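User: I am new to this structure and would like to learn how to read it. Could you walk me through it?

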Amino acid sequence: MPENGFSSGSRDYFKQQNIGFIYEVDVLPNYRGKGYSKELIKAALEELSIQGCNEIERNTRSTNFYREIGFVHYQT
């Protein structure tokens, strides 16, 4: 996420078959609380959807954050 020519955050995700995995989202401390994490997740979801993913999984950390942006927890 560029701001003033510098990266303020990053995301790490990958695809395996038709399942996308969001592994990590990082935003530098000075840029937190500005909605950048949500934008990074939104961009990853769009890219994984374009790649044909019909299911997205995320890491188990930050459960409340993911719930706030619409992820649903399913028991296996």
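Analyst: We will go from the overall layout to a helix, a strand pair and two single residues. Keep in mind that this is a predicted model.

User: How many helices and strands are there in the protein, and what pattern do they follow along the sequence?

Analyst: A good start is to list the elements in chain order. Here there are two helices and five strands, and reading along the sequence gives β-β-β-β-α-β-α.

User: What share of the residues counts as buried?

Analyst: Out of 76 residues, 21% are buried. The accessible surface adds up to about 5,700 Å², and carbon and sulfur atoms hold 48% of that. Contacts add to the picture: among those between residues at least 6 apart in sequence, 57% link residues at least 24 apart.

User: Now a helix. Which residues of α1 are buried?

Analyst: The general idea comes before the case. An α-helix has 3.6 residues a turn, so residues three or four places apart point the same way. In α1, the buried residues are Tyr-36, Leu-40, Ile-41, Ala-44 and Leu-48. Looking down the axis of α1, these buried residues fall within an arc of 135 degrees, so they line one face of the helix.

User: How many residues does α1 have, and what is its reach from first C-alpha to last?

Analyst: Helix α1 covers residues 36-50, which is 15 residues, and spans 21 Å between its first and last C-alpha, close to the 21 Å expected at 1.5 Å a residue. After α1 comes Gly-52, with a positive phi near 95 degrees.

User: Do strands β4 and β5 run parallel or antiparallel?

Analyst: For a strand pair, look at the direction and then at the partners. Strand β4 (residues 19-27) and strand β5 (residues 55-58) run parallel and are joined by four bridges. Within this pair, Phe-21 has Glu-57 of β5 as its bridge partner. The chain passes from β4 through α1 to β5, a β-α-β crossover that is right-handed. Another facing pair is Ile-19, opposite Glu-55 in β5.

User: How do I read one residue, say Glu-47: where is it found?

Analyst: Ask for its element, its exposure and its neighbours in space. Glu-47 lies in helix α1. Its relative accessibility is 30%, so Glu-47 counts as partly exposed. The C-alpha atoms of Glu-47 and Gly-20 are 9.6 Å apart, although 27 residues separate the two along the chain.

User: And is Glu-68 buried or exposed?

Analyst: Glu-68 sits in helix α2 (residues 63-68). Because its relative accessible area is 62%, and over 50% counts as exposed, Glu-68 is exposed. From Glu-68 to Lys-38, 30 residues away along the chain, the C-alpha separation is 9.7 Å.

Technical notes:
Residues are numbered from 1 along each chain as its sequence is written. This is a predicted model: local features need pLDDT of at least 70, side-chain atom pairs count only at pLDDT 80 or more; totals for chains, interfaces and linings use all residues. Side-chain values use heavy atoms; hydrogens and water are left out. The expected span of a helix is 1.5 Å times one less than its number of residues. Buried means under 20% relative accessible area, exposed over 50%, partly exposed in between (1.4 Å probe, protein chains only). The arc is that of the directions from the helix axis to the C-beta atoms. Two strands pair if DSSP finds at least two bridges between them. A crossover is right-handed if, with the strands pointing away from the viewer, the path from the first strand over the helix to the second runs clockwise. Contact means heavy atoms within 4.5 Å. Accessible areas come from the Shrake-Rupley method with a 1.4 Å probe; for residues, only the protein chains shown count as cover.
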